[in-house]
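Visitor: Pick one part of this model and take me through it slowly, please. I'd like to know how it is put together and what sits around it.

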Amino acid sequence: MRCWCTNVGHLSRVLIRFCRKISYPGLADCEPVRPLLFLASGMKTSKTALILSVGYGAGHHAAAGAVAEELRSRGWNTRVEDPCLLAHPHIFSWTQWFYNFCVRRAPWLWAVTYAQTDTADWSAKAHAPVFQGVTDVVSALVQEEMPDVIICTYPLYAHMLDALAAEGKLAVPYAVVVTDSLEISRPWMVNQAPLICLPDDYSLQRVSERYALMPQRLVSTGFPVRRAFAALGASRELPTRDNLRLVYGAYASMTRVRQDLTALVAAYPEAYLTVIAGKRKDELEEFASSRVTLIERSDDMPSLFASAHFYIGKAGAATVFEAYASRLPVIVNYTLPGQEQGNLELLLLDGAGVTARTAADLVAQINKLLRNGAAGWRRMQAAMEDSGREGGAARIVDALESKFIYQCNEENDASYR
């Protein structure tokens, strides 16, 4: 029976694909065909989700991976793709270089770029030069995968899906998972996605007021984070000057990074410091020692965060919410203009993070948080726990299934009674 059910489910997908290919999508609604499709949809062994992400920074891919992990745990098939990379690998590589250049060396240039993207008409980009290739890849992925739902962790794809739907080339529901807090740019909101998942209640309130969107399209779910962060970061020993463990993200200017590392090594000679240096690793080799470890990146961030007492670095969305899940207090020494300012604001509103404008300020903040048996550090940990910011992936999948799967099945059941 299971094999037969799977074959019927496959037959329904082939039939729908055939209907679209001959430009007669309405055939799927005719009376002889609908019972077969309804029977097949109820007997398929699993649902399929297509997740569209992009490789700018870490947040989009991190969110996509966490949602995929949660979906798979519930029996879904998932496929995660980066249409920008697939469509134009050389152009995309250059734009990645530009983004990373702005992050590390020219934040002012990113401020200009961010302001332009916030005011641009993204709905017109789907068929614009260069972007048309990305739209074609998105369309091909949908036709190939025949998903039950599409999830976008980058706003550009939602506008492309809008265009495909308007042209009658898309009948699959899609959702947007926003990867910024509070400071949320216009492209995330001015699309036609039936479901927009926001990372916190503050953001939900702000976008509701700013964009006057229908409330049934918006849901506050939290930012999706892999389960391992919460599982491994549940408990750690109290920090002291003798056992202090720090994770440092080297994203600020090289001058500031060197100042910070020099100050930390001098102030806490017994501390263990892991520096996520990226391609700057060789430039920072002078700091390497038995207690200072330089790495380009980590394939096991949950374990790295679980072993640390503080994360020091910029306020990227993925890092901030992974720190929340790990109960790892954050010290922000650098914020990229635009979206990351909202992530910092969220940390400050929750009492889960502090800022350090100089190397001396960084050491002073750590000393303050370590006083009186690390009372300040414990307050920050408690604030992170009380905020309830973990569990975003599960709430996102709950929202997807409630809006696109269970509701659809109930309507189908009613139509055949």
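What follows is a close look at the open sheet and its surroundings.

Guide: Some ground rules before we zoom in: this is a predicted model, so local features need pLDDT of at least 70 and side-chain atom pairs count only at pLDDT 80 or more, while totals for chains, interfaces and linings use all residues. Residues are numbered from 1 along each chain as its sequence is written, and side-chain values use heavy atoms, with hydrogens and water left out.

Now the sheet. Six strands line up in the order β9-β8-β7-β10-β11-β12, with parallel pairing. (Strands are DSSP E runs of at least two residues, helices are H or I runs of at least four, all numbered from the N terminus; two strands pair if DSSP finds at least two bridges between them.) At the edges you'll find β9 (292-295) and β12 (353-355), each pairing on one side only. From one strand to the next, the twist averages 20 degrees. Zoom in on β7 (residues 245-249) and β8 (residues 272-276): these parallel strands are joined by five bridges, and L246 stands opposite L273 in β8.

Next, what packs on the sheet. Helix α11 (residues 254-267) touches β7, β8, β9, β10 (310-314) and β11 (330-334), and its direction makes about 170 degrees with that of β7. Axes here are lines fitted to C-alpha atoms, for helices over the stretch in contact, and angles run from 0 to 180 degrees between N-to-C directions. Helix α14 (residues 339-350) lies across β10, β11 and β12, at about 120 degrees to β12.

For a residue-level view, try L284. Skipping neighbours within four places in sequence, its contacts (heavy atoms within 4.5 Å) are A250, M254, V257, R258, L261, V275, A277 and L294. Among these, M254, V257, R258 and L261 belong to α11, V275 to β8 and L294 to edge strand β9.

L284 also matters to the count in the largest nonpolar core: of its 79 residues, Y157, M189, V275, L284 and I366 touch the most other members. Such a core is a set of buried Ala, Val, Leu, Ile, Met, Phe, Trp, Tyr and Cys residues joined through side-chain atoms within 4.5 Å; buried means under 20% relative accessible area, with a 1.4 Å probe and protein chains only. Helix α15 (residues 359-387) gives this core its largest share, nine residues. Apart from it lies another core, of 29 residues, including F305, A315, Y324 and L347.

Conventions:
Buried means under 20% relative accessible area, exposed over 50%, partly exposed in between (1.4 Å probe, protein chains only).
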